[in-house]
Amino acid sequence: MNPDLSRPRPAGGEEHPLLLPFAERELPAGRHQFHKERLMAQIHEDLRAADVATPGTTPAAPAPAPAPARGTGVRNPFLRRPVLVPVAAFALAGVLAVGFISYVDRGAADGPGSTVATGPALTTRIGTADPKGAPQLLDRISLASASVSGPAVRADQFVYVGSKTANTYVKTEGDKSTLVSEQLHMRHQWNSPDGSKGWLIEPGNTGPEGVTLAGPDEKGNTPTPYLNAPSYNYLATLPTDPDVLLRRIYQETAGMGTGPDQEAFTTIGDLLRSSYPSPELTAALYKAAAKIPGVVTVDEAADAAGRSGIAVARLDEHSGRREEWIFDRQTLAFLGERSVQVQGESGEEGLIKPGTVVYTTAVMTRTVVDRIKELPPTAR
């Protein structure tokens with residue numbers, strides 16, 4: 001279980017009762033879970049800085065935590081939402097700040113010659129949107145996904161998702177705002193089928209050994225799986241009839257995000273990217289997405305690994321950002337996702353211009369392993 005930390009979300013409405021309220025500011029392409037993880041990591045850094053401050057001096061006020069790249073709302077580290085990680089876990093991450101360098105090294109930023117840029121801001125050509133091609137493309141993708149099956153998950157195993165990701169956000173210190181782009185980095189996440197156990201390793205957001213995703217939240221409540229923070233077992237309870245599934249998504253995300261249609265599209269994108277749905281559920285999710293108003297195809301898009309493909313997308317008219325799901329042109333396999341500013345300017349002082357990639361990710365490996373923190377051969 002556990003939400004996805006890297007994706008920001010539009011503000012609006014109530015989230016799951018176990019989630020804590022978050023700051024009202026425009027989030028990047030991530031969500032609540034991501035926000036929470038980053039906030040806790042920032043708190044850890046602030047405490048560490050205070051510990052090493054010279055006695056007798058007044059420590060500088062900590063800089064505000066950078067906002068993730070996306071709207072404002074909540075999601076799951078299985079899906080990029082605020083992660084409900086016990087505070088003690090972040091303290092543990094600081095204590096265990098040595099070792100496991102191999103996890104950080106694997107999936108470091110691409111070197112020279114890479115088609116993926118890192119630095120002040122990643123920009124892209126804004127692809128041409130076709131409002132008529134989405135139903136046909138999603139139907140083809142649904143058929144292709146229904147024939148692809150992965151290994152079943154035993155109760156004592158873990159779902160592993162390894163992805164490359166980066167966010168662009170506006171950082172404000174005092175009266176000065178600057179546009180910052182994270183270095184492309186690897187994100188490793190493990191979750192037990194019932195969601196009771198999990199681990200996350202992500203450079204910049206956790207220590208080298210990572211943090212646990214298990215245990216009660218700050219109020220002592222044991223989180224239960226739900227649509228925006230699902231477990232593998234929870235996914236198995238979702239309907240595979242597209243109409244019934246979409247109706248449930250609208251009902252359970254009512255009042256969230258910037259609007260019901262955008263929130264439904266974002267929720268499906270999170271499930272496709274960060275969880276481990278069955279082929280039947282995956283096919284149903286694509287068919288359900290085809291029924292959401294405003295869904296289009298985009299002729300060209302590239303994921304965080306530089307893989308070019310065709311995209312299914314939807315424009316969030318509130319933020320002017322287009323959320324794009326990227327697929328291989330030949331196999332129609334899901335490659336990754338990104339959020340691109342396509343209309344107007346956003347962020348503090350309008351620093352996020354059209355063409356800015358606010359959030360980008362590429363799913364590199366999604367499989368089942370026997371132990372937490374075990375890297376599958378495909379991730380080595």
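Select Tyr160 first: in this predicted model the residue is buried, with a relative accessible area of 0%. Add Trp190, which also counts as buried at 0% relative accessibility. The two belong to a set of 5 aromatic pairs found in a search of the whole structure. Their ring centres are 5.3 Å apart and their planes stand at 50°, so this pair is tilted. Colour the chain by strand here: Tyr160 sits in β2 (residues 158-173) and Trp190 in β4 (residues 185-191), so the pair links parts of the chain 30 residues apart.

Next, select Phe327 and Phe334. Both are buried. Their ring centres lie 5.7 Å apart with the planes at 80°; an angle over 60 degrees counts as edge-to-face, so that is the name for this pair. Now add Tyr286, which forms one aromatic cluster with Phe327 and Phe334.

For a ring with a charge over it, go to Trp199. Lys373 lies over its face, 4.6 Å from the ring centre.

The last stop is helix α4, residues 134-146. With 13 residues at 1.5 Å a residue, the helix should span 18 Å, and its end C-alpha atoms are indeed 18 Å apart. Which residues of α4 are buried? Select Ala134, Leu137, Leu138, Ile141, Ser142 and Ser145. They cover an arc of only 140° around the axis, which puts them on the same side of α4. An α-helix has 3.6 residues a turn, so residues three or four places apart point the same way. Turn to the face away from the buried side to find the exposed residues Gln136 and Leu143. Finally, show what the buried residues of α4 pack against: β1 (129-130), α8 (279-289), β7 (295-302), β8 (308-316) and β9 (321-327).

Notes: Residues numbered from 1 in each chain as written. Predicted model: local features only at pLDDT ≥ 70, side-chain atom pairs only at ≥ 80, totals over all residues. Heavy atoms only, no water. Helix = DSSP H or I, 4+ residues; strand = E, 2+ residues; numbered from the N terminus. Expected span 1.5 Å × (residues − 1). Buried < 20%, exposed > 50% of the residue type's maximum accessible area, 1.4 Å probe, protein only. Arc of directions from axis to C-beta. Contact = heavy atoms within 4.5 Å. Phe/Tyr/Trp six-rings, centres within 6.5 Å; stacked < 30°, edge-to-face > 60°. Lys NZ or Arg CZ within 6 Å of the ring centre and 35° of its normal.
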